[in-house]
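Hi,

Here is the structure I said I would pass on. Have a look at it first, and then read my notes on the helix packing and one of the pockets below.

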Amino acid sequence: MNAKKEAVLEAGKRLFLEQGILQTSMEQIAEAVPVSKMTIYNYYQSKEGLLDHVVDRMVDELMAIYRDMMDQAKDPLEALTVFCRDQHKFSAFVSQKFVADLAKFPEQMDKLLQFNQKFVVPEFEMLIFKGQQLGQIRKDISPQVLVAFLTFIKEFTARNEWYHGLGSLNMISEQLMTILYHGIIQQKDPSNLT
């Protein structure tokens, strides 16, 4: 990809995330690069075409962040801990305005949902299964149910109105993780402590 086309893609991504997709005009993107509006249309044909490439880029970047986090972990339990602790890397990556507007672009929204269903969910299920085989995570809980639970918690906590008055977001996050870990970690059998 040539430098100018890359600059348009990055400016579009930045403005879509900051202002929302609907609130960002092609003129604003052109001014941010700077290029002519016609240059953007030559590269991407339309705002939706640019958005399509932005979503592809975001999927690639999310995959890289995820892989990096998982590669740093020594075992499944540490991988889950790192992922939950570093959730801000993912939430800072996609703004509320962007997600709200993306719902109005079904093809691009479907890309993100497909990425989640085809990659993230199976990867987490495998991670949980490995943790079960290593005796770190209880075997009486289905990996699919646990991933569904984690997804629910993630989506629920993304709605910031629910935690008003409960304390700081860090404290709430730590307490949710404590509840999660003490509910899924395989407890050592006290009779086998030697």
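**Helix packing and a pocket**

Bear in mind that this is a predicted model. Let's start with helix α4 (residues 47-72) and helix α8 (residues 106-133): their axes come within 9 Å and cross at roughly 15°. Angles under 35 degrees count as roughly parallel, so that makes α4 roughly parallel to α8. The crossing in which α4 passes α8 is right-handed.

If you want to click through the contact, the α4 side consists of E48, L51, D52, V55, D56, V59, L62, M63, Y66, R67 and M70. Facing them from α8 are Q108, K111, L112, F115, F119, E123, F124 and L127. By class, this α4 and α8 contact has 12 nonpolar residues, six charged and one polar.

Now for the pocket. The second largest one has a volume of about 150 Å³. Its lining is made of Y66, M70, A73, K74, D75, P76, A79, E123, M126, L127 and K130. Two or more lining residues come from each of α4, α5 (76-85) and α8, and α8 gives the most, with four. Seven of the lining residues are nonpolar and four are charged, with no polar ones. You'll recognise some names here: Y66 and M70 of α4, and E123 and L127 of α8, belong to the helix contact above and also line this pocket.

Next, helix α1 (residues 3-19). How does α1 sit against α4, and at what angle? The two pack at about 85°, with their axes 9 Å apart, and are therefore roughly perpendicular to each other. From α1, the contact uses E6, V8, L9, E10, G12, K13, F16 and L17; from α4, it uses K47, L50, L51, H53, V54, R57, M58 and E61. That set divides into eight nonpolar, six charged and two polar residues. L51 of α4 is worth a look, as this residue takes part in the contact with α1 and in the one with α8.

α1 also packs against helix α3 (residues 37-44), at an angle of about 95° and with the axes 10 Å apart. This pair is therefore roughly perpendicular too. Here K4, K5, V8 and L9 of α1 meet T39, I40, Y43 and Y44 of α3. Five of these residues are nonpolar, two are charged and one is polar. V8 and L9 of α1 touch α3 and also appear in the contact with α4.

Cheers

Note on methods
Residues numbered from 1 in each chain as written. Predicted model: local features only at pLDDT ≥ 70, side-chain atom pairs only at ≥ 80, totals over all residues. Heavy atoms only, no water. Axes fitted to C-alpha atoms, helices over the stretch in contact; angles between N-to-C directions. Parallel < 35°, antiparallel > 145°, perpendicular 65-115°, else oblique. Left-handed = near helix turned anticlockwise from the far one by under 90°. Contact = heavy atoms within 4.5 Å. Nonpolar A, V, L, I, M, F, W, Y, C, P; charged D, E, K, R; others polar. 1 Å grid on protein atoms, 1.4 Å probe; cavity = no way out; pocket = protein on both sides within 12 Å on 5 of 7 lines; lining within 4 Å. Points joined across faces, edges and corners; volume = space filled by probe spheres on them.
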